[in-house]
Amino acid sequence: EEVKVEYTFGYFLDADGGVRINLHHSSVPYVTSKTITQDQVLAAQKAWGDGIVRISAIHAIGGDYEAAASTLIKKLYGYGSTPVLFKPTLANDVQFRSTFE
C-alpha cells in the first residue's frame, strides 16, 4: 500500500559551498475532520500563538510561567481525548511526548 508522507527540510551551505541538510522532519498525514472549519483552525492557531506570547510575558516578569504553560497545554491539546504527538522544540532526552506529564 502506498503511503503519502508530509516532509520538511532545512538547508545551509557548508564552508566549501556544499548544500547540507540541517532539518529533516517527516510524518504520515493526520486524518482531518470534516466538521472543523478553516475559521476554527485559524482561531486555534491564534489562541496558541497568543498563549506563547502570554507565557513569555509572564516569564519576563518572574511569574509562574510553568503554570501558564500547563494551562495552555490543557486547554489546546487533546491529551486524554485522542493520541497526541508533541515534540518540544528543545527536547533532548525525551524526543516525543504522548502524554501531558
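**Close-up views of the predicted model**

**View 1. Lys4, ahead of the first strand.** Lys4 sits in the segment that comes before β1; strands here are DSSP runs of E with at least two residues, helices are runs of H or I with at least four, and both are numbered from the N terminus. What you're looking at is a predicted model, where local features need pLDDT of at least 70, side-chain atom pairs count only at pLDDT 80 or more, and totals for chains, interfaces and linings use all residues. Residues are numbered from 1 along each chain as its sequence is written, and side-chain values use heavy atoms, with hydrogens and water left out. With a relative accessibility of 65%, Lys4 counts as exposed (exposed is over 50% relative accessible area, buried is under 20%, partly exposed is in between, all with a 1.4 Å probe and protein chains only). Follow the chain for 23 residues and you get to Ser27, whose C-alpha is 9.0 Å from that of Lys4.

**View 2. The whole chain, for orientation.** The protein chain has two helices and two strands, and they come in the order β-β-α-α along the sequence. There are 101 residues, and 11% of them count as buried. The accessible surface adds up to about 8900 Å², with 56% of that belonging to carbon and sulfur atoms (Shrake-Rupley method, 1.4 Å probe; for residues, only the protein chains shown count as cover). As for contacts (heavy atoms within 4.5 Å), take those with a separation of 6 or more: 17% of them link residues 24 or more positions apart.

**View 3. The β1–β2 hairpin.** Strands β1 and β2 run antiparallel and are joined by eight bridges; two strands pair if DSSP finds at least two bridges between them. Together they make a hairpin, with five residues between the strands. Look in the turn for Gly17, which has a positive phi of about 85°. To find your way across the two strands, use the partners: Phe9 has His24 as its bridge partner in β2, while Thr8 stands opposite His25 in β2.

**View 4. A nonpolar patch on the hairpin strands.** Tyr7, Phe9, Tyr11, Leu13, Val19 and Ile21 make up a nonpolar surface patch of about 690 Å². Patches take residues with over 30% relative accessible area and no salt bridge; like charges are joined within 9 Å, and nonpolar side chains (Val, Leu, Ile, Met, Phe, Trp, Tyr) within 5 Å. Both β1 (6-13) and β2 (19-27) chip in with at least two residues each. The top contributor is β1, with four residues.

**View 5. The aromatic cluster.** Zoom in on Tyr7, Phe9 and Tyr11, which form one aromatic cluster. Three aromatic pairs turn up in a search of the whole structure. Phe9 and Tyr11 are a stacked pair, because their ring centres are 6.1 Å apart and their planes meet at 20° (rings of Phe, Tyr and Trp, the last by its six-membered ring, pair with centres within 6.5 Å; planes under 30 degrees apart are stacked, over 60 edge-to-face, the rest tilted). Phe9 belongs to strand β1 and is partly exposed at 31% relative accessible area. Tyr11 has a relative accessibility of 53%, so Tyr11 counts as exposed.

**View 6. Two salt bridges.** The count comes to two salt bridges, taking a side-chain nitrogen of Lys or Arg within 4 Å of a carboxyl oxygen of Asp or Glu. One of them joins the side chains of Asp14 and Arg20, at 3.0 Å from N to O. Arg20 is partly exposed, at 47% relative accessibility. In the other bridge, Asp50 meets Lys46 with the closest N and O atoms 2.7 Å apart. Asp50 and Lys46 are both in helix α1 (residues 38-60), four residues apart, or about one turn of the helix. Asp50 is partly exposed, with a relative accessible area of 41%, whereas Lys46 is exposed, with 52%.

**View 7. Ala67 in the second helix.** Ala67 has its place in helix α2 (residues 65-76). The relative accessible area of Ala67 is 36%, so this residue is partly exposed. Ile55 is 12 residues from Ala67 in sequence, and their C-alpha atoms are 8.9 Å apart.
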